Amino acid sequence: MGAAVLPILFFTSLWAAVGIGGSIITPHGPQRKLIQCILMLTAGCCWLFWLCCYMAQMNPLIGPRLSRRAIQIIADSWDMPIKEG
């Protein structure tokens, strides 16, 4: 199971548009450079956070831990007997 290309391209282009597009349409004023910097850093940090969360789902470090009773209840409700052995 690997990364799908479409979500990565979509969110990369979305955050690139926020970072670059937001910097271009920033109104002129005494704080223009600061606002541009904030927009680019925000877009970069949000993209990086999304990427880390997306990639963490590919190989989770922990999984669900169910008791034997919970597994039996699930198996019974799905009509799938548990094979012993």
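Begin by selecting Phe10, Phe11, Trp50 and Tyr54, which together form one aromatic cluster; keep in mind throughout that this is a predicted model.

With the cluster on screen, ask how many aromatic pairs a search of the whole structure finds. The search returns 3 of them, and one of these is the pair of Phe10 and Phe11, an edge-to-face arrangement with 5.1 Å from centre to centre and 85° between the planes. Colouring these two side chains by accessibility shows Phe10 as partly exposed, with a relative accessible area of 48%, and Phe11 as partly exposed too, at 26% relative accessibility. Phe11 is not counted as buried because its 26% does not fall under the 20% relative accessible area that the term requires.

Next, select residues 5-24, which make up helix α1. This helix has 20 residues and reaches 28 Å from its first C-alpha to its last, close to the 28 Å expected at 1.5 Å a residue. Which residues of α1 are buried? They are Gly19, Gly22 and Ser23, and if you now add residues 32-56 to the selection you will have α2, the helix against which the buried residues of α1 pack.

Now turn to the annotation, for which the selections shift slightly. An unreviewed UniProt entry places the feature "transmembrane region" at residues 6-25 and 37-57. Over residues 6-25 the chain is 95% helix and 0% strand, and the C-alpha atoms at the two ends lie 27 Å apart. Over residues 37-57 the chain is likewise 95% helix and 0% strand, with the end C-alpha atoms 31 Å apart.

Finally, zoom out until the protein chain is in view from end to end. It has 3 helices and 0 strands, and read along the sequence it follows the pattern α-α-α. The radius of gyration of the protein chain is 23 Å, well over the 12 Å that the globule rule gives for 85 residues, so the chain is more spread out than a compact globule. Turned along its principal axes, the chain has C-alpha atoms that fill a box of roughly 70 × 25 × 20 Å.

A surface representation makes a suitable last view. The accessible surface of the protein chain comes to about 7,200 Å², and 73% of that area belongs to carbon and sulfur atoms, while 12% of the 85 residues count as buried. If you also draw the contacts with a separation of 6 or more, residues 24 or more positions apart account for 50% of them.

Note on methods:
Residues are numbered from 1 along each chain as its sequence is written. This is a predicted model: local features need pLDDT of at least 70, side-chain atom pairs count only at pLDDT 80 or more; totals for chains, interfaces and linings use all residues. Side-chain values use heavy atoms; hydrogens and water are left out. Helices (H or I, at least four residues) and strands (E, at least two) are DSSP runs, numbered from the N terminus. The radius of gyration is taken over C-alpha atoms; the globule rule is 2.2 Å times the number of residues to the power 0.38. Buried means under 20% relative accessible area, exposed over 50%, partly exposed in between (1.4 Å probe, protein chains only). Contact means heavy atoms within 4.5 Å. Accessible areas come from the Shrake-Rupley method with a 1.4 Å probe; for residues, only the protein chains shown count as cover. UniProt positions are given in the numbering used here, feature names are shortened, and annotations may be inferred rather than shown by experiment. The expected span of a helix is 1.5 Å times one less than its number of residues. Rings of Phe, Tyr and Trp (its six-membered ring) pair if their centres lie within 6.5 Å; planes under 30 degrees apart count as stacked, over 60 as edge-to-face and the rest as tilted.
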